[in-house]
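The following note sets out points for a colleague who has the sequence and the coordinates to hand. Each point may be checked against the structure shown below.

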Amino acid sequence: MPYVDVDSKICRPNEVKEIKEGDIILVYPATLNVNGKIVTFPPLSLISEECTNEIKNLSWVEGIIVNQEIFHNVTFLKCENHIEGEIEILEPTLLTAFTFKHMIGGKIKGYTSQLIKGIPLLKVNNQPIISIDKGKVSVGLCFLDKRDILVRLLGYSIFFYINPSLSI
């Protein structure tokens, strides 16, 4: 459970432009004093210097700190096959997956990879789009537009459930 300092900045998931080492991805909602108002931010929100909303008091959040271990253990596969359908969340404890599904609209039109191995966490039309295997996350979903940042936020956030020590 990392803490965020006064004057840290936060973005809602749809405001995120990039994810860098040291940023924090929320995995549970956080109610914060932002710009003098009490605001609740959903999972997949990002605490980063690139954001514009200023946090006005020291706060504890439930999230994962992005670092080299995450970059090394979350793989974004090349997407080649068109896919369309309803997102099926196979692991009900992945709160960030529910946020992702809601933000995407439940049904997707995108591209997927046939190379996903391991235990599926999310599927579309019985095709795994995110899985875990031996402590690594494989993400095989691409939109080829600004929604790909949401896919990255989701992929990195799943590592929280594999290695919660990164939330310290």
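Between which two strands is the loop that holds Leu-44 found? Leu-44 belongs to the loop that runs between β5 (37–41) and β6 (46–47). The points below begin with this residue; the model under discussion is a predicted one.

1. Backbone of Leu-44. The phi angle of Leu-44 is near 80°, a positive value in a residue other than glycine. Most residues other than glycine have a negative phi. Leu-44 counts as buried, because its relative accessible area is 0% and the cut-off for burial is under 20%.

2. Backbone of Asn-125. A positive phi is also found at Asn-125, where the value is near 50°. Asn-125 is located in the loop between β13 and β14 (127–133). With a relative accessible area of 54%, Asn-125 is exposed, whereas Leu-44 is buried.

3. The open sheet. Five strands make up an open sheet, and their order is β7-β2-β6-β3-β9, with antiparallel pairing. At its edges are β7 (53–54) and β9 (63–65), each of which pairs on one side only. Within the sheet, strand β3 (residues 24–26) pairs with β6 in the antiparallel sense through two bridges. In one of these positions, Ile-25 has Leu-46 of β6 as its bridge partner. Helix α3 (residues 148–162) packs on this sheet and touches β3, β6 and β9. The direction of helix α3 makes about 100° with that of β9.

4. Strand β11 and its partners. Strand β11 (residues 81–89) runs antiparallel to strand β12 (residues 107–112), and six bridges join them. Among the bridge partners are Asn-81 and Thr-112 of β12, as well as Ile-83 and Gly-110 of β12. Strand β11 is also joined to strand β13 (residues 119–124), again antiparallel, by three bridges. There, Ile-87 stands opposite Val-124 of β13.

5. The two faces of β12. Which side chains of β12 point to the buried face, and which to the other? The side chains alternate along the strand: Ile-108, Gly-110 and Thr-112 point to one face and are buried. Lys-107, Lys-109 and Tyr-111 point to the other face and are not buried.

6. Surroundings of Thr-112. Thr-112 lies in strand β12 and is buried, with a relative accessible area of 2%. Strand β12 is joined by two bridges to strand β16 (residues 141–142), and these two strands run antiparallel. In β16, Leu-141 is the bridge partner of Thr-112, while in the pairing of β11 with β12 the partner of Thr-112 is Asn-81. Leaving aside residues up to four places away in sequence, Thr-112 touches several others, including Cys-79, Glu-80, Ile-83, Gln-127, Pro-128, Ile-129 and Gly-140.

7. Aromatic pairs. How many aromatic pairs does the structure hold? There are four aromatic pairs. The rings of Tyr-3 and Trp-60 have centres 5.5 Å apart and planes at 65°, so this pair is edge-to-face. The pair links distant parts of the chain, since Tyr-3 is in strand β1 (residues 3–4) and Trp-60 is in strand β8 (residues 59–60), 57 residues apart. Tyr-3 is partly exposed at a relative accessible area of 45%, and Trp-60 is exposed at 57%. The rings of Phe-71 and Tyr-156 also form an edge-to-face pair, because their planes are at 70°, with centres 5.5 Å apart. Phe-71 lies in helix α1 (residues 68–73) and Tyr-156 in helix α3, so this pair ties together parts that are 85 residues apart in sequence. Phe-71 is partly exposed, with 27% relative accessibility, and Tyr-156 is buried, with 7%. Phe-71, Phe-76 and Tyr-156 are linked into a cluster by ring pairs.

8. Charges over rings. A member of that cluster, Phe-76, has the charged end of Arg-152 over its ring, 4.1 Å from the ring centre. Elsewhere, Arg-12 lies over the face of Phe-41, at 4.6 Å from the ring centre.

Notes:
Residues numbered from 1 in each chain as written. Heavy atoms only, no water. Pairing = 2+ DSSP bridges. Helix = DSSP H or I, 4+ residues; strand = E, 2+ residues; numbered from the N terminus. Buried < 20%, exposed > 50% of the residue type's maximum accessible area, 1.4 Å probe, protein only. Contact = heavy atoms within 4.5 Å. Axes fitted to C-alpha atoms, helices over the stretch in contact; angles between N-to-C directions. Phe/Tyr/Trp six-rings, centres within 6.5 Å; stacked < 30°, edge-to-face > 60°. Lys NZ or Arg CZ within 6 Å of the ring centre and 35° of its normal.
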